[in-house]
Amino acid sequence: MNSTREQRDVVVIGGGIGGLAAAAILARGGRSVTLVEKAPRFGGRAITTEREGFKFNLGIHVFYAGGPGEAVLRELGVTLSGGQSDRSLYECQDGARISRLPVDADSLATSALLDPASRAELAQLLRQLRTEPLHAWRGRPVSAWLDQHVRHPVVRSLLEAVVRLATYTHAPDEVDAAYALSLVGSQRGALLLDDGWQTLVHGLERATRAAGVELIHGAAVTDIELGPPHTVRLPSRTLHAKAVVVATDVMTAARLLKLPTVEAWAARARPVRAACLDLALRALPEPWRLVVLRLDQPLYYSVHSRSCRLAPGNGALLHLIKYLPLRPSDLDEDAREDRRQLEAWLDELQPGWREVLVASQFLPRIQVSGDAVTAGQQGLQGRPSLIVPDAPGVYLVGDFVGARDHLAHASLFSAEVVARDVLERAA
Ligand SMILES: Cc1cc2nc3c(=O)[nH]c(=O)nc-3n(C[C@H](O)[C@H](O)[C@H](O)COP(=O)(O)OP(=O)(O)OC[C@H]3O[C@@H](n4cnc5c(N)ncnc54)[C@H](O)[C@@H]3O)c2cc1C
């Protein structure tokens, strides 16, 4: 195959939402940009696949309201359309008992989960989390905060479950308290996207094309030789650029860049993984059962199609997730057992679901986030920086970098900060 040498201002590696957003902002700022994605389609973990008219995201995905990624999308002309689930229908399950999930004033006052004393304790703690600054808890685990503040076991298991839900992490002894509890206190709304997260990908892809980004898919970057100019090698092309934005996972970034700092970040990374079971049903056997958070096990269930357009006709698209621990040794357990556990729980929640099953997707160890926000790493402040030290013109974008927010918001925000830095330096 012919190898051609080509010069441009920036090469972006990775065509998930972070890479796409960075490329679009850079090209709008007047830079010549090539984006390279190894998969056959753009979108990374934000892709949606259609099966029999049902839209399957890669596991349960909600777009949290009020995060910095919202402004990035708006600036790029990407609109968010969808709905929020009705909080009055949220339930929680402890053993065999299912009751209303106490998440707001009304459910807090009425949920049968709580007795008067635990109700008062939970109300006071939620008030405290909404109003008191938590930065003093940075670098200490969620379990330490719970030890100090919670007396009633039911309140503790409820708060642990809500932390799992907010962080996708089942590790109260490791997750940073300031980060996790500020998410609980903020009670951010969650938007379920019509037609799935692919709409974000399409919107961002449109923005890159309109700005003149050269988009390459189905080609992995195999090597980077640091310059200046930097040399980026693909199987059939060699690109030269003043700046390189690596918007992959941290392990790939370390392998490509071969820089000790990035290798150290990769070595200490604790990816957040989950077991996700997504199901398309012709109809819901129990139509009123829509959201259940398990307190005694790290499980969650939600019917997203009730709040946004993901299923045709009376069909339902629902998600089950098992939050997994961070320790790799604990992940060696048989993933088939996770599936059996999720299906057995669904037998309780939606008896007869097997008879109305249209399609399903099981993602046994999918990576939700590139790096957990742990107390051991000093919370969000301890995460890798976007600008790689000692490597001018080399940047990282993703949900594992930067001290602002997490998940998709971290990825989109890092894309914006990196793109602005490149534009300012070259101006
Ligand atoms: C089950 C699940 C649930 C989630 N739920 C939520 C949620 O509710 N809310 C939320 O905000 N976020 C959620 N997320 C996280 C969200 O999907 C990610 O934060 C976001 O999609 C990350 O985008 P990214 O572009 O940073 O990374 P990615 O999407 O991982 O993109 C990286 C891209 O780099 C490409 N690549 C890798 N190596 C190379 C190479 N050598 N050459 C070229 N390309 C390469 C990959 O193919 C990939 O497309 C969830 C994720 C999962 C899996």
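**The ligand and its pocket**

Select the ligand first: in this predicted model, the ligand sits in the largest pocket. A pocket here is an open set of points on a 1 Å grid over the protein atoms alone, with protein on both sides within 12 Å along at least five of seven lines; a cavity, by contrast, is a set of points where a 1.4 Å probe fits but cannot get out, and lining residues have an atom within 4 Å of a point. A molecule sits in a cavity or pocket if more than half of its atoms lie within 2 Å of its grid points.

Next, display the elements that give two or more residues to the shell around the ligand, namely α1, β2 (33-37), β18 (357-369) and α12 (407-426). Helices (H or I, at least four residues) and strands (E, at least two) are DSSP runs, numbered from the N terminus. Residues themselves are numbered from 1 along each chain as its sequence is written, and side-chain values use heavy atoms, with hydrogens and water left out. Because the model is predicted, local features need pLDDT of at least 70 and side-chain atom pairs count only at pLDDT 80 or more, while totals for chains, interfaces and linings use all residues.

Which residues come nearest to the ligand? Of the 35 residues around the ligand, they are Glu-37, Val-62, Tyr-168, Asp-399 and Ser-411. A residue is near a molecule or strand if one of its heavy atoms lies within 4 Å of it.

Now draw the distances from oxygen atoms of the ligand. An N or O atom in the side chain of Glu-37 is 2.6 Å from a ligand oxygen. A backbone N or O atom of Gly-18 lies 3.0 Å from an oxygen atom of the ligand, and a polar backbone atom of Ile-17 is 3.2 Å from one. A polar contact is a pair of N or O atoms within 3.5 Å; within protein, one must be able to donate a hydrogen and the other to accept it, and residues adjacent in sequence count only if both atoms are side-chain atoms.

The protein covers 95% of the 1,000 Å² of accessible area that the ligand has on its own. Accessible areas come from the Shrake-Rupley method with a 1.4 Å probe, and for residues only the protein chains shown count as cover.

**Helix α1 and the loop after it**

Select residues 17-28, which form helix α1. Its 12 residues reach 16 Å from the first C-alpha to the last, close to the 16 Å expected at 1.5 Å a residue; the expected span is 1.5 Å times one less than the number of residues. In α1, 11 of the 12 residues are buried, including Gly-18, Gly-19 and Leu-20. Buried means under 20% relative accessible area, exposed over 50%, and partly exposed in between (1.4 Å probe, protein chains only).

Move on to Gly-30, just after α1, which takes a positive phi of about 95 degrees. Arg-31 follows in the loop between α1 and β2. With a relative accessible area of 19%, Arg-31 is buried. Its side chain reaches the backbone oxygen of Gly-29 at 3.2 Å. Add Leu-412 to the selection: the C-alpha atoms of Arg-31 and Leu-412 are separated by 19 Å, and the two residues are 381 apart along the chain.

**Loops with notable backbone angles**

Select Gln-187, in the loop between α7 (177-186) and β9 (190-193). Phi of Gln-187 is near 45 degrees, a positive value in a residue other than glycine, and Gln-187 is partly exposed at 29% relative accessible area. Then go to Gln-378, in the loop between β18 and β19 (394-396). Gln-378 is not a glycine, yet has a positive phi of about 65 degrees; at 40% relative accessibility, Gln-378 counts as partly exposed.

Where are Pro-228 and Pro-229? Pro-228 is in the loop between β11 (223-225) and β12 (230-233), and Pro-229 is found in the loop between β11 and β12. A cis peptide bond joins Gly-227 and Pro-228, with omega about 20 degrees. Another cis peptide bond joins Pro-228 and Pro-229, with omega about -10 degrees.

**Strand β13 and helix α9**

Arg-237 is in strand β13 (residues 237-246) and is buried, with a relative accessible area of 18%. Show Glu-214 as well: the side chains of Arg-237 and Glu-214 make a polar contact at 2.9 Å.

End at helix α9 (residues 250-257), where six of eight residues are buried, among them Val-250, Leu-256 and Leu-257. At the start of α9, a side-chain oxygen of Asp-249 reaches to within 3.3 Å of the backbone nitrogen of Met-251. Lys-258 follows α9 and has a positive phi, near 55 degrees.
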